[in-house]
Amino acid sequence: MSKKIRVGWDDLKPGDLIHVKGSTNTYRFKSRTDWHSIIKVEGDGVGVSATWTLGVEKEPVSVFLVVYEEDFAYATRPAPKRPRLEEPQQDGEYWLKVDYPNRKWLKLIVFRSGSIWFFVIGDLGPNVFTPYHTWVDVLRNINPLEVLSAEGYYMRKAKGKL
């Protein structure tokens, strides 16, 4: 089961599921209209705000469903997936972006000899090492959001993008 996030009126994107006040039906957001308080949706017409018909004599008629902002309850879309973090394949320095207060990046030194050992050096001081035997242990205990090579980290830092 995929997780869903709620989306407001101003953040709608095509494909979002629209929930209308007082209705159990959902509609798929199609596009905005020329009016700020009306959106086009796809779905069956039961319980939707309105059905609009546009057309001129001797021209094809266009029928579409709309939802008024006052009838809009909320919208949902699948939650963004976290990127898969690849295990470092070579010995050396890497940087992990973490979600700890007061610490955004931790230095990861990777040594491989026989078994795999990971040492994390953080803001705790230059001589503090925490060994991890596998990449899964690192992911489980530190919960990094991003992994960068030393080159990638220092390039971003030089550009002021950290």
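This note goes through a predicted model point by point, from its overall make-up to single residues.

1. Overall make-up. The chain contains two helices and 12 strands, and their order from the N terminus on is β-β-β-β-β-β-β-β-β-β-β-α-β-α. Of the 162 residues in the chain, 29% are buried. If one takes the contacts in the chain with a separation of 6 or more, 43% of them are between residues 24 or more positions apart.

2. The largest nonpolar core. This core has 13 residues, and those that touch the most other members are Leu-12, Ile-18, Ile-39, Val-41, Val-67, Phe-72 and Ala-75. Several strands contribute to this core, since at least two of its residues come from each of β2, β3 (26–32), β4 (38–42), β6 (62–68) and β7 (72–78). There is also a second, separate core, which has 11 residues, among them Tyr-94, Leu-96, Leu-108 and Tyr-132.

3. Ile-18 as an example. A student who wishes to follow one core residue by eye may begin with Ile-18, which is one of the residues touching the most other members of the largest nonpolar core. When residues up to four places away in sequence are not counted, Ile-18 touches Leu-12, Asn-25, Thr-26, Tyr-27, Phe-29, Ile-39, Val-41, Val-67, Phe-72, Tyr-74 and Ala-75.

4. Asp-16, a buried residue in a loop. Asp-16 is placed in the loop between β1 (4–7) and β2 (17–20). Is Asp-16 buried or exposed? Its relative accessible area is 3%, and because buried means under 20%, Asp-16 counts as buried. Two polar partners of its side chain can be named: the backbone nitrogen of Lys-13, which is reached at 2.8 Å, and the side chain of Arg-77, with which Asp-16 makes a polar contact at 2.7 Å. With neighbours within four places in sequence left aside, the residues in contact with Asp-16 are Val-7, Asp-11, Tyr-27, Arg-28, Phe-29, Ala-75, Thr-76 and Arg-77.

5. A charge over a ring. Another arrangement to look for is that of Arg-6 and Tyr-74, where Arg-6 lies over the face of the Tyr-74 ring, at 3.6 Å from the ring centre.

6. Aromatic pairs. Five aromatic pairs are found in the structure. In one of them, the rings of Trp-95 and Tyr-153 have planes at 5° and centres 3.9 Å apart, so this pair is stacked. The two residues belong to distant parts of the chain, with Trp-95 in strand β8 (residues 92–100) and Tyr-153 in helix α2 (residues 150–159), 58 residues apart. Trp-95 and Tyr-153 are both buried.

7. A second partner for Trp-95. How are the rings of Trp-95 and Tyr-154 arranged? Their planes stand at 85° and their centres are 6.1 Å apart, so the pair is edge-to-face. Because Trp-95 lies in strand β8 and Tyr-154 in helix α2, this pair ties together parts that are 59 residues apart in sequence. The two residues can also be set side by side by accessibility: Trp-95, at 10%, counts as buried, whereas Tyr-154, at 39%, counts as partly exposed. Ring pairs join Trp-95, Trp-105, Tyr-153 and Tyr-154 into a cluster.

8. Glu-151 in helix α2. Helix α2 also holds Glu-151, which counts as exposed at 62% relative accessibility. Glu-151 and Trp-95 are 56 residues apart along the chain, and their C-alpha atoms are separated by 9.6 Å.

9. Helix α1. Which residues are buried in helix α1 (residues 135–142)? They are Trp-135, Val-138 and Ile-142. Seen down the axis of α1, the buried residues fall within an arc of 60°, and therefore they line one face of the helix. The residue that follows α1 is Asn-143, whose phi is positive, near 55°.

10. Trp-135. Finally, Trp-135 deserves a separate look within helix α1. At 6% relative accessibility, Trp-135 counts as buried. Between Trp-135 and Glu-87 there are 6.3 Å in space, C-alpha to C-alpha, although the two residues are 48 residues apart in sequence.

Terms used:
Residues numbered from 1 in each chain as written. Predicted model: local features only at pLDDT ≥ 70, side-chain atom pairs only at ≥ 80, totals over all residues. Heavy atoms only, no water. Buried < 20%, exposed > 50% of the residue type's maximum accessible area, 1.4 Å probe, protein only. Helix = DSSP H or I, 4+ residues; strand = E, 2+ residues; numbered from the N terminus. Arc of directions from axis to C-beta. Polar contact = N/O pair within 3.5 Å; in protein donor to acceptor, adjacent residues only side chain to side chain. Contact = heavy atoms within 4.5 Å. Phe/Tyr/Trp six-rings, centres within 6.5 Å; stacked < 30°, edge-to-face > 60°. Lys NZ or Arg CZ within 6 Å of the ring centre and 35° of its normal. Core = buried A, V, L, I, M, F, W, Y, C linked by side-chain atoms within 4.5 Å.
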